[in-house]
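Good morning, and thank you for the time at today's meeting. I would like to speak about charged side chains and where they sit.

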Amino acid sequence: LDETPELQQIRFALKFAINNSINLLNEKNKTTLIEGYQKLVNLLSGQRISTAKGNVAITDHNEAADWCRLRIAEKLIDRCDKEPGLIFYAAAMAIALWQKYPDFGEIFQALLYKECPFLMPCKPPNMKNQSNNDFLQSWGFRLKEDGNCESHTIYVGRTTKFAGLLAALWITHPRRGDPLNPFGVTFGWKYFASVLNSPPDTNYLHILVKVLEIAGMTLYQTFGKQ
């Protein structure tokens, strides 16, 4: 579905429906969050959606449901990279979709951890015969147009935003009547336990600072002096 030229019309229509829904995220308007979420639920539930690129439903192709889950996760993470003020809104939408579609949650987690393995936490080792660029990419560094990896400063700036998104996921309260948060504050406890039981590494510092800034009070209220 992602590569076949003959499926371009379906792909464009699905992409338009997803982008239109996630673009409704707005720091100043909570109702657009609910509207965007409902549009995505309609799409993922198999309803036929009318877009400027044509009418489309995930039943139009056997890969469409998985493709849409992946695209939604990518788009939410990308918006948080570009607009960090949206992390709480993106987290609310992600958790709501996660409750309804558990496989979406797995995809979302995987993409977030791919962007920064230290969020797992995991420190990818330097493999034998691995180039420096490949090694840095395994940490989540991005390649520039000249073929070299971005600076450490840019990397830290971006992964700090993703650390904020991770912490926002932990502390998101589901809507009344919805199931419990499937990635709630206990995962914050597990994260800190894993980091503190790992060998010290300065690469965790900017992440720890950010998750404490976002989720520290909730963690304290939940776990007390621990």
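I shall discuss the salt bridges first and then a patch of charge on the surface. Please keep in mind that this is a predicted model.

Let me begin with a general point. Side chains of opposite charge can pair when their charged atoms come close.

Across the whole structure, a search finds 13 salt bridges. One of them joins E83 to R79, with 2.5 Å between the closest N and O atoms. E83 is partly exposed, at a relative accessible area of 32%, whereas R79 is buried, at 10%.

A second example is the salt bridge between K161 and D81, with an N to O distance of 3.4 Å. K161 belongs to helix 7 (residues 152–171) and D81 to helix 3, so this pair ties together parts that are 80 residues apart in sequence. Is D81 buried or exposed? D81 is buried, because its relative accessible area of 13% is under the 20% cut-off. Its partner K161 is partly exposed, at 27%.

A third salt bridge brings together D146 and K144, at 3.8 Å from N to O. Here D146 counts as exposed, with 52% relative accessibility, and K144 is partly exposed, with 41%. Salt bridges with shared partners also link D81, E115, R142, E150, R158 and K161 into one network.

I turn now to the surface. Which residues gather there in a patch of negative charge? They are D2, E3, E63, D66 and E74. Of these, E63 lies in the loop between strand 2 (54–56) and helix 3 (64–82), and E63 is partly exposed, with a relative accessible area of 41%.

Thank you for your attention.

Conventions: Residues are numbered from 1 along each chain as its sequence is written. This is a predicted model: local features need pLDDT of at least 70, side-chain atom pairs count only at pLDDT 80 or more; totals for chains, interfaces and linings use all residues. Side-chain values use heavy atoms; hydrogens and water are left out. Patches are made of residues with over 30% relative accessible area and no salt bridge: like charges are joined within 9 Å, nonpolar side chains (Val, Leu, Ile, Met, Phe, Trp, Tyr) within 5 Å. Accessible areas come from the Shrake-Rupley method with a 1.4 Å probe; for residues, only the protein chains shown count as cover. A salt bridge is a side-chain nitrogen of Lys or Arg within 4 Å of a carboxyl oxygen of Asp or Glu. Lys and Arg count as positive and Asp and Glu as negative; His and the chain ends are not counted. The place of a charge is taken as NZ of Lys, CZ of Arg, CG of Asp or CD of Glu. Helices (H or I, at least four residues) and strands (E, at least two) are DSSP runs, numbered from the N terminus. Buried means under 20% relative accessible area, exposed over 50%, partly exposed in between (1.4 Å probe, protein chains only).
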